[in-house]
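Work through the exercises below with the sequence and the 3D structure open beside you. Try each task before reading its solution.

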Amino acid sequence: MSAQLQENIAKAEGYLARFKDNTLGHFINGEWTLGSGETFDNTTPFDQSYLGKVAAASEDDVNAACEAAAAAAASWAATPGAERRKILHRLGDELEKRAEEIAMVEAMDCGQALRFMRQAAVRGAANFRFFADQAPEARNGLSLHQAEHTNFTVRSPIGPVAVITPWNTPFMLSTWKIAPALASGCTVVHKPAELSPLTASILAECADAAGLPKGVWNMVNGFGTVAGKALTQHPAIKAVALVGDSATGKLIQAQTAQTLKRLHLELGGKNPVIVFDDADFERALDATVFMIYSLNGQRCTSSSRLLIQSGIKDKFLAALKERVANIKVGHPLDPETEVGPLVHTGHYEKVTSYFEIAKQDGATIAVGGKSLRDEMGPGNFVTPTLFVDAKNTMRIAQEEIFGPVLTAIEFDTEEEAIQLANETVYGLAGYIWTSNTGRAMRMAHSVEAGMLWVNSENNRNLPSPFGGVKMSGIGRDGGDWSFDFYMETKNVCIAHDTHKVPVLGR
Ligand code: NAD
């Protein structure tokens, strides 16, 4: 074990000690509470050891959080944008102060390698700062002229909103939602994933330290079927922003129907990376490896299907095999680690089940396809895996595996690439590698996805829209798209007193 890893483990133990010693509660109306008293155990995917108890919110606990958010809504909405901006920048400062703690706690709670989690707090802070800076102008609308009337639009916060987040990079994803909600003037009830609850509590602590008024930010821990469901059904909640599985998105659509809420659903994907013969070979190879094996492949935008053109297939797959076999699997706190353990045993079982499914369907496991539990102990470690000789109709090409597992499929023509790319229920992201600009443009228009990157891995630009089509979701995050979701637009139409008012019954 390297000296650096030893030092990181000691630091992480220090940060995690308080979670072991105290049940992690809910943050409701500015107070920490254990609520109804139900709890569940949280463990680390590194070795299944105990990280602490977490309160599981009952319907009553969720109701209390929603009522707090409702009570705080009017005064937060009336707080001047410039003041909200100031508070959200202070929140960014708090996150930056605790960046190391957030990175280490997140790494041990969800198994993500520290090399990626180091950026979690920094990017989270950047999210708050970006949306904070737009808070003062968020209400502004358009001025729309007619001959005898002038219309103008204004926006106002929609009201208390629910933010429901998953376990993959939970910290960063939460900030994408909560930052624009607060900047818009909405109050929030956040329910983090039950499998990775720890950093959401640090986020709530930072919000408190930044001086957010009580009730503006509430956080409830617990299960989707109880706490999540109650939150989506509460009448005070006006909109629900979910990041999660497509199946959960469908449930939430049904659960919110009776109270007719606005929904933003960011769901699963089976994203193609399409590499043409004329691509820049080394850059395409680097990006292909990065976009499926970083973050343990537990990434909604992962390029989990490689569509490779026949002319470079053999050369590309040979180089790919070498790289995949060389990826370093290890302790999440080891700075050398590239792939850590999968988030929990249920997910590990799902991912490893695809090794058998691939064989049954007639694909070849070119690299990996094994559990590493014999070699690395009880943690949820698997080998980075590459399937070749695959067809797009196979389950390994159609289902979201959500692990460090890539399925490679050969194609001949541009038309075939488009057809294969689109033959999926999902439509989140796509990656196109070619040196032919015209082809890049044609592909960008034809591939069904909310986001396409040409000759790039996933590069996030906060003013740009983020989201998917088909079963990958409804709605967009980013820039003004976020404000449109968290705000209502009102049109005011003013007559110039020159038009003829229709007359009845005179
Ligand atoms: P999940 O859908 O199981 O859980 C997400 C959240 O929803 C959790 O907090 C969970 O408790 C809650 N939930 C579950 N059932 C609920 C219900 N009936 N009512 C209300 N809330 C409920 O997802 P996961 O397994 O935690 O995360 C992985 C999934 O998230 C993958 O499918 C991944 O692609 C997707 N994801 C999408 C994006 C995106 O931007 N499109 C980003 C990250 C992750």
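The exercises that follow deal with helices, salt bridges and cavities in a predicted model.

**Exercise 1. A helix and its surroundings**

Task: Compare the expected span of helix α7 with the distance between its end C-alpha atoms, then state how many of its residues are buried.

Solution:
- Step 1. Helix α7 covers residues 170–184, which is 15 residues.
- Step 2. The expected span is 1.5 Å times one less than the number of residues, so α7 should span 21 Å.
- Step 3. The end C-alpha atoms of α7 are 22 Å apart, which agrees with the expected span.
- Step 4. A residue is buried when its relative accessible area is under 20%. In α7, 15 of the 15 residues are buried, so the helix is largely enclosed by the rest of the structure.
- Step 5. After α7 comes Gly185, which has a positive phi, near 100 degrees.

**Exercise 2. A helix with a kink**

Task: Carry out the span check on helix α2, find where α2 is kinked, and list its buried residues.

Solution:
- Step 1. Helix α2 runs over residues 59–78 and has 20 residues, so at 1.5 Å a residue it should span 28 Å.
- Step 2. Its end C-alpha atoms lie 29 Å apart, in agreement with that value.
- Step 3. The helix has a kink of about 40 degrees, and the kink is centred on Ala72.
- Step 4. Ala72 is also one of the buried residues of α2. The others are Asp61, Val62, Ala65, Cys66, Ala68, Ala69, Ala73, Trp76 and Ala77.

**Exercise 3. Salt bridges**

Task: For the salt bridges Asp133 with Arg85, Lys359 with Glu356 and Glu448 with Lys470, describe where the partners sit in the chain and whether they are buried, partly exposed or exposed.

Solution:
- Step 1. The whole structure has 27 salt bridges. A pair counts when the nitrogen and the oxygen are within 4 Å.
- Step 2. In the pair Asp133 and Arg85, the closest N and O atoms are 3.0 Å apart. This pair links distant parts of the chain, with Asp133 in helix α6 and Arg85 in helix α3, 48 residues apart.
- Step 3. Asp133 has a relative accessibility of 38%, so it counts as partly exposed. Arg85, at 34%, is partly exposed.
- Step 4. Lys359 and Glu356 form a salt bridge with an N to O distance of 3.6 Å. Both belong to helix α13, and because they are 3 residues apart, about one helical turn separates them.
- Step 5. Lys359 is partly exposed at 48%, and Glu356 is partly exposed at 42%.
- Step 6. Glu448 and Lys470 have their closest N and O atoms 2.6 Å apart. Here too distant parts of the chain are linked: Glu448 is in the loop between α17 and β19, and Lys470 is in strand β20, 22 residues away.
- Step 7. Glu448 is partly exposed at 37%, and Lys470 is partly exposed at 36%.
- Step 8. Elsewhere, Arg18, Arg98, Glu101 and Glu205 are joined into one network by salt bridges that share partners.

**Exercise 4. Cavities**

Task: How many cavities of 30 Å³ or more does the structure hold, and which residues line the largest cavity?

Solution:
- Step 1. There are 4 cavities of 30 Å³ or more.
- Step 2. The largest cavity contains about 60 Å³ of space.
- Step 3. Its lining is made of Gly269, Lys270, Ile292, Gly297, Ser302, Ser304, Glu400, Ile401, Phe402, Gly403 and Val405.
- Step 4. Sorted by kind, these lining residues are 4 nonpolar, 5 polar and 2 charged. Gly counts as polar in this sorting.

How values were computed: Residues numbered from 1 in each chain as written. Predicted model: local features only at pLDDT ≥ 70, side-chain atom pairs only at ≥ 80, totals over all residues. Heavy atoms only, no water. Helix = DSSP H or I, 4+ residues; strand = E, 2+ residues; numbered from the N terminus. Buried < 20%, exposed > 50% of the residue type's maximum accessible area, 1.4 Å probe, protein only. 1 Å grid on protein atoms, 1.4 Å probe; cavity = no way out; pocket = protein on both sides within 12 Å on 5 of 7 lines; lining within 4 Å. Points joined across faces, edges and corners; volume = space filled by probe spheres on them. Bend = angle between axes of the 7 residues up to and from the residue. Salt bridge = Lys/Arg side-chain N within 4 Å of Asp/Glu carboxyl O.
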